[in-house]
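Subject: Handing over a structure, with notes

Dear colleague,

I am passing a structure on to you, and my notes on it follow below. Please read them with the coordinates open beside you.

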Amino acid sequence: MIDNETCEMIINRFYNDVYNFCLSRLKNTHAAEDCTQEVFFTLFRKRSKLDFSEKFRSWLYTAADKICKNYMKKNKNITVDIDDYAEIIPDNSTIDTSFHQEIYNILDKDDADLLLEYIESDFGQRKKIAERLGITIKALYGRMDRLRQKVINYISDN
């Protein structure tokens, strides 16, 4: 049996590993966050039946794999994650100006500036963006998801 304190220690120790595993499977940060949380929710629910042994890490990845597969079955229309653009656009020198213009045509200037800054940043820079805006990193992700959805809706309508 795993007590609450040990459960919290496990979450702190393995959260990033499980999240990265889910992200590699789903290619979508928000889906990966959802599935990672589900893995640890399942861990917490089943903690009284689990044995903390050397096979525990394997249990986490097996649970993550199953949860990701179920997520993909239920959400066959997962949209491309805005973070995917960050990998495609490695630095400012290669950014297509038509991409910028398209974003400015869809969103107001402040939202477009923020979205482009987000796309061109890494996690550390995103944390600073959130701090500058006076919001949490999760709130920033939510805001970016709403902006991404506006862009996707605009593109699909036109």
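How many aromatic pairs does the structure hold? Before the answer, please keep in mind that this is a predicted model, and that every value below was computed from it.

The structure holds three aromatic pairs, and I describe two of them here. The rings of Y15 and F40 have their centres 5.8 Å apart and their planes at 20°, so this pair is stacked. Y15 belongs to helix α1 and F40 to helix α2, with their positions 25 residues apart, and the pair thus links distant parts of the chain. The two partners can be told apart by their accessibility: Y15 is partly exposed, with a relative accessible area of 24%, whereas F40 is buried, with a value of 6%.

For Y118 and Y141, the ring centres are 6.5 Å apart and the planes stand at 80°, so the pair is edge-to-face. Here too the pair links distant parts of the chain, with Y118 in helix α6 (residues 109-119) and Y141 in helix α8 (residues 137-157), 23 residues apart. Y118 is buried at a relative accessible area of 1%, and Y141 is buried at 11%.

Two arginines also sit over aromatic rings. The charged end of R126 is placed over the ring of Y118, 4.1 Å from its centre, while the charged end of R13 is over the ring of F14, 4.7 Å from its centre.

As for the overall arrangement, the chain has eight helices and zero strands, and 34% of its 158 residues count as buried. Among the contacts with a separation of 6 or more, 61% are between residues 24 or more positions apart. The accessible surface comes to about 10100 Å², of which 51% belongs to carbon and sulfur atoms.

The nonpolar residues deserve a paragraph of their own. In soluble globular proteins, nonpolar side chains tend to be buried together. In this model the largest nonpolar core has 19 residues, and V18 and L60 are those with the most contacts inside it. The elements that give two or more residues to this core are α1 (4-26), α2 (29-45) and α3 (56-74). Leaving out residues up to four places away in sequence, L60 touches I10, F14, V18, V39 and F40, and F40 is the buried partner of the stacked pair described above. A second, separate core of 16 residues includes L114, Y118, I119 and A130.

Helix α3 allows a simple check of geometry. At 1.5 Å a residue, its 19 residues should span 27 Å, and its end C-alpha atoms are 27 Å apart, which agrees. The buried residues of α3 are F56, L60, A63, A64, D65, I67 and C68, a list in which you will find L60 again.

Finally, what does Y154 contact, apart from its neighbours within four places in sequence? Y154, which lies in helix α8, is in contact with E102 and I106. Its C-alpha atom and that of N105 are separated by 9.9 Å, although the two residues are 49 apart along the chain. At 34% relative accessibility, Y154 counts as partly exposed.

With best regards

Definitions and conventions
Residues are numbered from 1 along each chain as its sequence is written. This is a predicted model: local features need pLDDT of at least 70, side-chain atom pairs count only at pLDDT 80 or more; totals for chains, interfaces and linings use all residues. Side-chain values use heavy atoms; hydrogens and water are left out. A nonpolar core is a set of buried Ala, Val, Leu, Ile, Met, Phe, Trp, Tyr and Cys residues joined through side-chain atoms within 4.5 Å. Buried means under 20% relative accessible area, exposed over 50%, partly exposed in between (1.4 Å probe, protein chains only). Helices (H or I, at least four residues) and strands (E, at least two) are DSSP runs, numbered from the N terminus. Contact means heavy atoms within 4.5 Å. The expected span of a helix is 1.5 Å times one less than its number of residues. Rings of Phe, Tyr and Trp (its six-membered ring) pair if their centres lie within 6.5 Å; planes under 30 degrees apart count as stacked, over 60 as edge-to-face and the rest as tilted. A charge sits over a ring if NZ of Lys or CZ of Arg is within 6 Å of the ring centre and within 35 degrees of the ring normal. Accessible areas come from the Shrake-Rupley method with a 1.4 Å probe; for residues, only the protein chains shown count as cover.
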